[in-house]
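Trainee: I want to learn how to read a few local features from coordinates. Can we work through one example together?

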Amino acid sequence: MKPRKNKKRVPSFRKLLKTSKVKLDNKLKNKQFKQQSIAKKYRKEQRKLRQAVKDVTSRTSVPLEENKKKHAAEREEEEEALPLDMMDEDDLKLMEDLAQKASFVTRDLSSVEPVHAKKRKQESVIDRYEKMPRRMQTEPEKELIHLLPIKDKSGIIPQTMEKPVISVAQNEEEEDTEEMEVVEESCEEPQPVLTTDELLIQRRRKLQEKKRHIAALAAAILSDPENSIKKLKELRAMLMEQDPNVAVIVRKLVMVSLMEIFKDITPSYKIRPLTEAEKHTKVRKETQKLREFEEGLVSQYKFYLENLEQTVKDWKQRKLKKSNVISLKAYKGLAEIAVKCLCELLVVLPHFNFHNNIIVLIVPLMNDTSKLISEMCCESVKKLFKQDKLGSVSLGVVKVISGLVKSRNYDVRPEVLKIFLHLRIKEVEVKKDAEDITAKKKFMSFKEKRKNLSRMQRKWKKAEEKLERELLEAEASESKEKKLKLHTETLNIVFLTYFRILKKVQKSPLLPAVLEGLAKFAHLINVEFFDDLLVVLHSLIASGDLSYRESLHCVLTAFHILSGQGDVLNIDPSKFYSHLYRTLFKLHAGATNDDMVIVLQCLDVMLTKRRKQVSQQRALAFIKRLSTLALHVLPNSSVGILATNRILMQTFPKTDLLLDNEAHGSGLYLPELDEPECCNAQNTALWELHALRRHYHPTVQKFADHLIAGAPAEGSEALRPDLSRRSGTDLFETYNMKGMTFNPPVASVTPRKKDKFLQGDSFLNEDLKELIQTHLSEAAVHRPLDFAKHLKESSLS
């Protein structure tokens, strides 16, 4: 066989030169590395040896008693053997000292614990040290440092320079000096403590720097949001500020700054995550850039909300992390700012991602013990209800509130349920006729058209359906139907919460809020629930467990139900009329007369709006009792009552017989009777108006004069438009004296003033003021019927 030819090409001289140079460089570097490793290993062994020697010398040897005896006998023999008389005392002392120092070599080490217990037992430190090769101290070797090469016509010329290698002894000396420096630094005295002024100046300087940094980042993000996601991340990282001097203020500033930034750069649509197919699809650079911006924005927004949530949770749980630099007292301020940011984002960004998560965070805080946080959350939810036009956001909030009330076993603050009063619900889906119950006619399918219609008819039908679809889009009927559907579902959840409370916890402090809510939305309740609801309301009133305000709410709710869809029902509400007539004199006559608003609303719904179902006898009884009530209440309540009487006298014209002193019919007026139909109110007169003409409040005087004249709409006795065109509730709120204090002196009434008052003569306002306040004493406030009876008898005499 022929020998194979060597196909390996002979390398050129240039290549050999290059490879040899590389090999030499590598060989040199390996040699240097080996020298360094050997020197390092040698230093390590020397350090261990020194440590071992220190450990051995530090231990005090405790020889046994036998060893002590042996050593003592040997020492005596040596003393006898040695010619001590030929040695000086100094030399003898020196030899004894040397013997004591060398005792660690001669003594028995078997009874002492080994120096390095973790090392191998068969090999000691001294044996390892003896086996180590000795090296003579030579001249320091040179180390080459490679510099940048130079290029000329001949080619590239490498450059190097020599660096002396530090010897082992020098390295040990450097280590010893470093250790000594560390010890000296540790032994140095601490730096002087800064004064209070210097600390304040230092803190102010740091705070200014942080503020400038926050402002610069925020300005950069707002100027170019798409290219500033990294800066947004940097700004969000400042929420974890660790400098204890400025940590609290910096975190607060960053929270508020990020909230304003997200309000400005967030788009007006919800960002959804990309599917796998969309991720692998090639798109334009602009689209890819927009996707990256949206993904980064959603990510940073999520992390920001998580930081706010964690801040609130740490404060609620009184939890302080070990690595945190903020005290528990400062956490409350941080939590308040976090809640404020969450409330603002709840109102401003209802369309963006994670809005439901914010709702879940805010709603439980409405029931918080902190009044400030609770009010902030309630106000934000009110604003959200006010601006929600479609109803989807309101539905989400109502669901969370209903779940919260049920989970807390109805032990929540009344303000949580009063939020329902701010819902913008005016109409819901109510199926009244058979046309509403039947399903809407749908468009014909293609198979139905082909089966039932000819070709020309199909063509016309297609054009008609297209036109109908366009008309539906123009009318926006679909959005209206969606809105009604959302409102219906929301109201069902609200009524479900109300009915649960009425059924299970009737003595709960939530009952006034429930009754007030039922009164507002009673016209939207399904007719099927009316009978049961009225029975429940009457049983609540009859139980006697309710406060006066709660009973008024029950009456108001019942008549709201009957004034809406309840008109078609045959229900007699006489029990509610009797209850209100009986409890009118229980109204507080002092400064806390806020219940008067509910009384005026009840009178408007019971008498004015149901004028066709109210008898004349009932109207006369209410007008008479209201006039008596106006004598011993505050001026704003008197104005509201007289305005209501004016409306009733205009609504029921035959009630003007109360302005006449003659009796109309048989029987006597019985003011103590609680049934308005049987008290014979037609046989009395409105003598209270004569006393009210001399009231110290000018508006009360005007109303009294107007009613005495028969409440005319025109003429000299007619009221001004600003008084005649307003309801009693509005006038009560206008002349409200809440917050004002008036303590008149109790003075005696002279006989002359009393005679003038009973005769109807006019006298000064000061005298009137004194007389009215005198009669409004304990007897007037607590026994209004006796007071009225006394005035009536005096006037008749």
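Trainee: Where is Arg 424 found?

Mentor: This is a predicted model, so keep that in mind. Arg 424 is found in the loop between α16 (414-418) and α17 (434-437). Its relative accessible area is 44%, so Arg 424 is partly exposed.

Trainee: Which residues gather with Arg 424 in a patch of positive charge?

Mentor: Lys 386, Lys 389, Lys 426 and Lys 483. Together with Arg 424 they form that patch on the surface.

Trainee: How many disulfides does a search of the whole structure find?

Mentor: Start with the general idea. A disulfide is a covalent bond between the sulfur atoms of two cysteines. Here the search finds 0.

Trainee: Why is there no bond between Cys 343 and Cys 377?

Mentor: Look at the sulfurs. The closest cysteine sulfur to that of Cys 343 belongs to Cys 377, at 4.1 Å. The cut-off is 2.5 Å, so this pair is too far apart for a bond.

Trainee: Is Cys 343 buried or exposed?

Mentor: Buried, at 6% relative accessibility. Cys 602 is buried too, with a relative accessible area of 1%.

Trainee: Now backbone angles. Which sign of phi do most residues other than glycine have?

Mentor: Negative. Now take Tyr 410. Its phi is positive, about 65 degrees, yet it is not a glycine. Tyr 410 sits in the loop between α15 (392-407) and α16. At 9% relative accessibility, Tyr 410 is buried.

Trainee: What is the phi of Asn 680?

Mentor: Positive, about 55 degrees, and again the residue is not a glycine. Asn 680 lies in the loop between α27 (635-651) and α28 (688-692).

Methods. Residues are numbered from 1 along each chain as its sequence is written. This is a predicted model: local features need pLDDT of at least 70, side-chain atom pairs count only at pLDDT 80 or more; totals for chains, interfaces and linings use all residues. Side-chain values use heavy atoms; hydrogens and water are left out. Buried means under 20% relative accessible area, exposed over 50%, partly exposed in between (1.4 Å probe, protein chains only). Patches are made of residues with over 30% relative accessible area and no salt bridge: like charges are joined within 9 Å, nonpolar side chains (Val, Leu, Ile, Met, Phe, Trp, Tyr) within 5 Å. Accessible areas come from the Shrake-Rupley method with a 1.4 Å probe; for residues, only the protein chains shown count as cover. A salt bridge is a side-chain nitrogen of Lys or Arg within 4 Å of a carboxyl oxygen of Asp or Glu. Lys and Arg count as positive and Asp and Glu as negative; His and the chain ends are not counted. The place of a charge is taken as NZ of Lys, CZ of Arg, CG of Asp or CD of Glu. Helices (H or I, at least four residues) and strands (E, at least two) are DSSP runs, numbered from the N terminus.
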